[in-house]
Amino acid sequence: MSEEMVPIDLKNLMNFNCSFENECFNECCRDLNQALTPYDVLRLKNSLGISSQDFLKTYTSLHYGPESGLPVVEFKPNPGKRHECPFVTPKGCSVYQDRPASCRMYPLARAIARSRETGEISEYFALIEEPHCKGFGKKPSQKVKEWLKGQNVDKHNKENDKLIELISLKNQILPGKLEGAAADKFYMALYDLDEFREQIFEKNLLDKFNIPEDHKEKIKKDNEVLLNLGLEWVKHTLFGIKMIFGE
Ligand code: SF4
Ligand code: SF4
């Protein structure tokens, strides 16, 4: 599938409309090669009301980056020639409210850079112009900024930027391939949250850190708090960075 990336700014106008009336409806939900972030997995497994183990086993496949050794979790497409997303239906996405960030962003791609001096994040956007997508050139015309607002993607981007930061740290501190137990810890603490929780409360995984009691209570109930703890634990256990409890 050929595609063209065209840089675009938040203030630029975007002539694009995705509608079930378009002849291409659902075409973007097949031939998937879609990596999921830990926050994508969290939202989807919460939405379906199943455990992270069940979600990962049923709907995703796992491989490790050949050079980084980092886990890559992808949607497992439906069997058959069209390789559709497991959540696409004739009426559209069955997990629309909790769809992954990349689905919300499409046909935009987003990259970020953090200033070394100020720590400020700059965002860069590009339009992915793929021949199968017929939404281009259609009304309404709106600024990229407005279109993004309609996709409700800010929370996903905020949470996913934490993963980008972690990968950037890994590239600085451990530039080679992550192997064995280190790669397993990365996967468990970020993607398999229910297993991580069980390791904390049933197998005393984090006892030496004296996590405050009120924070322990939040970890028990809140997957977002648990994911933030997972990010902190990976930073500590793989890169030796002091753990911080809380946002
Ligand atoms: S999660 Fe929804 S929007 Fe994303 S590929 Fe699957 S069906 Fe399409
Ligand atoms: S291919 Fe493009 S216009 Fe068609 S449904 Fe997907 S995003 Fe919308």
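Two residues are in contact if their C-beta atoms, placed from the backbone, lie within 7 Å. Helices (H or I, at least four residues) and strands (E, at least two) are DSSP runs, numbered from the N terminus. The model is predicted: local features need pLDDT of at least 70, side-chain atom pairs count only at pLDDT 80 or more, and totals for chains, interfaces and linings use all residues. Residues are numbered from 1 along each chain as its sequence is written, while chains are lettered from A and ligands numbered from 1 in the order in which they are written.

**View 1. Helix 9 and the elements that cover its buried residues.** A residue is buried if 20 or more other C-beta atoms lie within 10 Å of its own, exposed if 12 or fewer, and partly exposed in between, with C-beta atoms placed from the backbone. The buried residues of helix 9 are Asn223, Leu226, Leu227, Leu229, Gly230, Glu232, Trp233, Val234 and Leu238. Their cover includes helix 1, helix 5 (154-173), helix 6 (180-190), helix 7 (193-202) and helix 8 (213-221). The expected span of a helix is 1.5 Å times one less than its number of residues. Helix 9 (residues 223-239) has 17 residues and should therefore span 24 Å; the 23 Å between its end C-alpha atoms agrees with this. Gly240, which follows helix 9, has a positive phi near 75°.

**View 2. The buried side of helix 7.** Leu193, Phe196, Arg197 and Ile200 are the buried residues here. They lie on the same side of helix 7, because they cover an arc of only 100° around the axis. This arc is that of the directions from the helix axis to the C-beta atoms. The partners against which the buried residues of helix 7 pack are helix 1, helix 2 (52-59), helix 6, helix 8 and helix 9. After helix 7 comes Asn204, with a positive phi near 60°.

**View 3. Domain 1 and domain 2.** Domain bounds come from an automatic or database domain assignment. That assignment gives domain 1 as residues 4-152 and domain 2 as residues 158-239. The contact between them takes 20 residues from domain 1 and 21 residues from domain 2. On the side of domain 1 that touches domain 2, the elements giving two or more residues are helix 1, helix 2 and strand 5 (71-75). Helix 1 supplies the largest share of that side, five residues. Sorted by class, the side of domain 1 that touches domain 2 holds twelve nonpolar, seven polar and one charged residues. In this classification, Ala, Val, Leu, Ile, Met, Phe, Trp, Tyr, Cys and Pro count as nonpolar, Asp, Glu, Lys and Arg as charged, and the others, Gly among them, as polar.

**View 4. Asp40 in helix 1.** Asp40 belongs to helix 1, which runs over residues 38-48. Asp40 counts as buried because it has 26 C-beta neighbours inside 10 Å. Leaving aside residues up to four places away in sequence, Asp40 touches Pro100 and Ala101. Glu4 stands 36 residues from Asp40 along the chain, and their C-alpha atoms are separated by 26 Å.

**View 5. The surroundings of ligand 1 and ligand 2.** A residue is near a molecule or strand if its C-beta atom, placed from the backbone, lies within 6 Å of it. Around ligand 1 are Cys29, Cys85, Phe87, Val88, Cys93, Val95, Arg99, Pro100 and Cys103. This shell divides into eight nonpolar, no polar and one charged residues. Ligand 2 is surrounded by 13 residues, of which Cys18, Cys24, Cys28, Cys133 and Gly135 are the closest. The shell around ligand 2 consists of seven nonpolar, four polar and two charged residues.

**View 6. Two cis peptide bonds, at Pro107 and Pro140.** From Tyr106 to Pro107 the peptide bond is cis, with omega near 10°. Pro107 is placed in the loop between helix 3 (101-105) and strand 8 (108-114). The peptide bond from Lys139 to Pro140 is also cis, and its omega is near 5°. Pro140 is part of strand 10, residues 136-143.

**View 7. Positive phi at Asn26 and Asn152.** Asn26, a residue other than glycine, has a positive phi near 80°. The loop between strand 2 (13-16) and strand 3 (35-36) contains Asn26. Asn26 is partly exposed, because 17 other C-beta atoms lie within 10 Å. Asn152 has a positive phi near 55° and sits in the loop between helix 4 (144-151) and helix 5. With 11 C-beta neighbours inside 10 Å, Asn152 counts as exposed.
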